[in-house]
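Here is a walk through one protein chain, going from single residues out to the pockets and back to the backbone. Keep the structure open as you read.

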Amino acid sequence: MIAVVLGAWAILGLRLVHLQWYQADELTRLATRQSEVEVEVPARPADITDRNGKLLASTITTPSLFVDPKRLGATPEFISEIAAAVHLNPRELAARLDDYRDKRFMWVKRRLNDDEVDAVLKMKWPDGSYGLRDEFLRQYPQDSLAAHVLGLRDIDGSGKGGVEQSLDHLIRGVPGRRKLGKDARGRILEVEFSPEDEPRQFQAVQLTIDLAIQMFAERELDGIVKEWKPRAATAIVMDPQTGEVLAMASRPTYSPNNLRDVDEEAWKNQAINIVYEPGSTFKPVIVAWALQKDVVQRDEVFFCENGKFNMPGRTKPLTDVHGYGNLNVTDILVKSSNIGMAKIGMRMESLGLYEAAWRFGFGRPTGIELPGELRGIFHPLSSWTKASLGSIPMGAEISVTPLQLITAYAALSNGGRLIAPRILNGVQNDGSNRATTFAVSMEEPQLAQPAKIVTKAIDEEIADWVVNEPLTQVVRRGTGIKARIPGYTVFGKTGTAKKWDPKIGAYSETKNVASFIGGAPAHHPRVLVLVVVDEPKQARGFGGVIAAPPASRILQRTLTHLRVPPDQDARTAQAIDGLEEALILLE
């Protein structure tokens with residue numbers, strides 16, 4: 001008996017030594033895991049503001065209801081009571097609870113409103129069977145305004161579309177940590193934290209968008225939709241000197257505050273997610289590069305075949321809307337002569353046309369801070385034919401995004417510099433330096449970043465001439481006459497491009513894209529506006545009729561909003577125009 005007792009004590013002693021010396025670290029870690037837990041504290045997503053600090057997106061906290069299905073043990077009557085309190089279908093809730101019957105956690109409904117919270121708190125719940133947890137809720141005070149630029153954040157806080165997705169690394173911040181001490185029953189006894197464990201985030205991400213200009217653009221698009229009932233439409237307003245996008249709007253659209261019954265087409269940001277043949281708006285790019293390469297001279301005259309040209313390599317004659325004889329380079333753009341452009345294209349040859357398009361940024365993304373930007377359709381040079389020499393100069397056989405086109409015109413407007421467009425103006429801290437310590441794409445967050453020059457497209461002298469001569473004359477006496485603004489020298493170009501119909505294997509006679517792009521003042525452009533209308537419900541929907549008037553109104557209101565003073569040249573030119581019109585009436 002003594003031997004047995006001593007042996008038992010010896011075994012017990014050896015076990016104690018083993019636990020104390022050999023398993024001490026492992027058991028300590030196990031005890032710590034059982035008594036301490038580390039939880040993640042999410043960072044509050046940064047606000048999004050326009051360039052003047054006006055709120056576009058913000059975040060509030062709101063309770064979400066969860067239950068412990070094992071402890072709930074709900075009867076059908078109690079499930080119905082829960083469903084009524086939070087406005088759910090009782091059958092669907094019962095089915096979910098049945099699926100989670102062996103789980104210890106299930107969301108009942110997230111982001112409750114005040115009335116639902118009150119109803120939940122008035123119910124008689126079994127002990128430990130439910131709880132309310134605060135979660136972040138993204139709100140958009142301007143509703144659908146700039147919806148395609150902003151995007152949205154889903155129920156789990158992930159950015160979807162717009163800057164919510166592309167700038168998520170700036171908006172979401174870095175989550176913090178909390179250490180919770182628990183007893184053997186799992187009850188929290190203490191909370192440990194330090195300043196280093198706090199969540200870190202920016203106060204706001206500031207965009208280049210101007211809320212007032214965005215409103216101007218969206219109202220005009222609503223007017224276009226009402227009058228012309230197009231398939232889609234888009235408007236972009238840009239500062240050509242910096243590449244800052246002041247407004248970007250699309251139709252159809254949606255409200256990020258209400259995502260029920262959103263049409264599939266409404267998700268598209270038409271400014272960067274569609275491609276179309278630019279038509280005549282592409283012609284100034286070709287003329288500018290032809291002048292740059294000394295292929296043509298500014299005062300050179302081309303015979304435009306009185307409106308019908310049997311061009312080599314084409315099965316059908318090339319035509320103009322009106323028949324013209326001799327036209328100089330300026331009037332080829334003013335009259336928008338396809339034949340004149342074809343003759344310039346023949347002189348430039350395929351390589352020259354290819355260089356022109358590539359030099360102005362076509363065929364590749366602009367690099368704006370938005371997701372899903374398309375690169376356009378720019379076929380390799382090896383696939384071009386003789387017919388391409390006539391098609392490319394008049395904006396066919398190439399497809400662009402609206403943002404690519406306005407970026408190319410910005411190069412014409414700022415002295416020949418191809419600038420990367422941007423939507424991000426910078427970030428703002430909350431007054432501390434914590435936000436700047438976590439890894440973001442910008443080492444020193446700041447506002448008003450300098451323009452990023454991609455390349456020098458053409459010489460400043462050529463760019464100024466194209467803007468101040470042919471493009472100004474387009475608005476003064478050509479196809480863009482409806483874009484004139486009192487007190488300002490407006491320049492621009494209209495475009496009317498037939499759409500390719502794959503069903504008939506040819507260009508449609510009833511579907512087209514009408515567009516206008518212009519800016520002011522011509523001597524030092526401060527604002528560029530592009531309006532593109534896809535499939536207006538009119539077979540002969542010319543860009544000068546459909547797109548130029550709303551673009552002009554956006555431009556005028558933007559110039560007034562930015563306090564750009566009228567220019568003397570415009571007053572003189574408009575006085576002369578008025579005198580000429582009066583003389584014509586007298587005659």
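## Glu369, a half-hidden loop residue

Let's start with Glu369, which is partly exposed because its relative accessible area is 22%, and buried would mean under 20%. Bear in mind that this is a predicted model. Glu369 sits in the loop between helix 14 (338-359) and helix 15 (388-391).

Which residues does Glu369 touch, once those up to four places away in sequence are set aside? They are Val163, Ser166, Leu167, Pro421, Arg422, Ile423 and Leu424. The Ser166 contact bridges a long stretch of chain: Glu369 and Ser166 are 203 residues apart in sequence, yet their C-alpha atoms are 6.3 Å apart in space.

## The chain as a whole

That sort of long-range pairing shows up in the totals too. Among contacts between residues at least 6 apart in sequence, 73% join residues at least 24 apart. The chain has 20 helices and 22 strands, and buried residues account for 50% of its 587 residues.

## Two nonpolar cores

In soluble globular proteins, nonpolar side chains tend to be buried together. Here, the largest nonpolar core has 94 residues, and the members that touch the most others are Val205, Leu207, Ile344, Phe360 and Phe362. Apart from that core lies another, of 33 residues, including Ile213, Val475, Val531 and Ile554.

Leu207 has a mixed set of neighbours. Not counting residues up to four places away in sequence, Leu207 touches Ile48, Thr49, Asp50, Arg51, Leu56, Val149, Leu150, Val163, Leu167, Ile423 and Asn425. Val163, Leu167 and Ile423 are also among the contacts of Glu369.

## Two buried polar side chains

Gln214 is part of helix 10. Is Gln214 buried or exposed? Gln214 counts as buried, because its relative accessibility is 1%. Leaving aside neighbours within four places, Gln214 is in contact with Leu145, Ala146, Ile209, Leu246, Ala247, Met248 and Ala249.

Asp168 belongs to helix 9 (residues 168-171). At 17% relative accessibility, Asp168 is counted as buried as well. With the same four-place window left out, its contacts are Arg153, Gly159 and Val163.

## Helix 19

How well does the length of helix 19 agree with the span expected of its 14 residues? At 1.5 Å a residue, helix 19 (residues 548-561) should span 20 Å, and its end C-alpha atoms are indeed 20 Å apart, so the two agree.

An α-helix has 3.6 residues a turn, so residues three or four places apart point the same way. In helix 19 the buried residues are Ala548, Pro549, Pro550, Ala551, Ser552, Ile554, Leu555, Thr558 and Leu559. They pack against helix 10 (211-228), strand 11 (232-239), strand 21 (506-520), strand 22 (527-534) and helix 18 (543-546). Just after helix 19, Arg563 takes a positive phi of about 60°.

## Two pockets

The largest pocket holds about 1,600 Å³ of space. It is lined by 50 residues, and those closest to its centre are Thr319, Asn338, Met394, Thr496 and Lys498. Strand 15 (318-319), strand 20 (491-501), strand 21 and helix 18 each give two or more residues to the lining. By type, that lining divides into 16 nonpolar, 20 polar and 14 charged residues.

The second largest pocket has a volume of about 1,300 Å³. Among its 36 lining residues, Arg111, Phe136, Asp154, Ile155 and Gly157 lie nearest the centre. Strand 5 gives the most to this lining, with seven residues. The lining divides into 14 nonpolar, nine polar and 13 charged residues.

## Backbone oddities

Most residues other than glycine have a negative phi, and most peptide bonds are trans. Arg111, from the second largest pocket's lining, has a positive phi of about 60°. Arg111 is in the loop between strand 4 (106-109) and helix 6 (114-122), and is buried, with a relative accessible area of 17%. Glu535 also has a positive phi, near 55°. Its place is the loop between strand 22 and helix 18, where Glu535 is buried at 14% relative accessible area.

Now for the cis peptide bonds. One joins Arg251 and Pro252, with omega at about 5°, and Pro252 lies in the loop between strand 12 (244-251) and helix 11 (270-273). Another joins Ala520 and Pro521, with omega at about -15°, and Pro521 is in the loop between strand 21 and strand 22.

Notes:
Residues numbered from 1 in each chain as written. Predicted model: local features only at pLDDT ≥ 70, side-chain atom pairs only at ≥ 80, totals over all residues. Heavy atoms only, no water. Helix = DSSP H or I, 4+ residues; strand = E, 2+ residues; numbered from the N terminus. Expected span 1.5 Å × (residues − 1). Buried < 20%, exposed > 50% of the residue type's maximum accessible area, 1.4 Å probe, protein only. Contact = heavy atoms within 4.5 Å. Core = buried A, V, L, I, M, F, W, Y, C linked by side-chain atoms within 4.5 Å. 1 Å grid on protein atoms, 1.4 Å probe; cavity = no way out; pocket = protein on both sides within 12 Å on 5 of 7 lines; lining within 4 Å. Points joined across faces, edges and corners; volume = space filled by probe spheres on them. Nonpolar A, V, L, I, M, F, W, Y, C, P; charged D, E, K, R; others polar.
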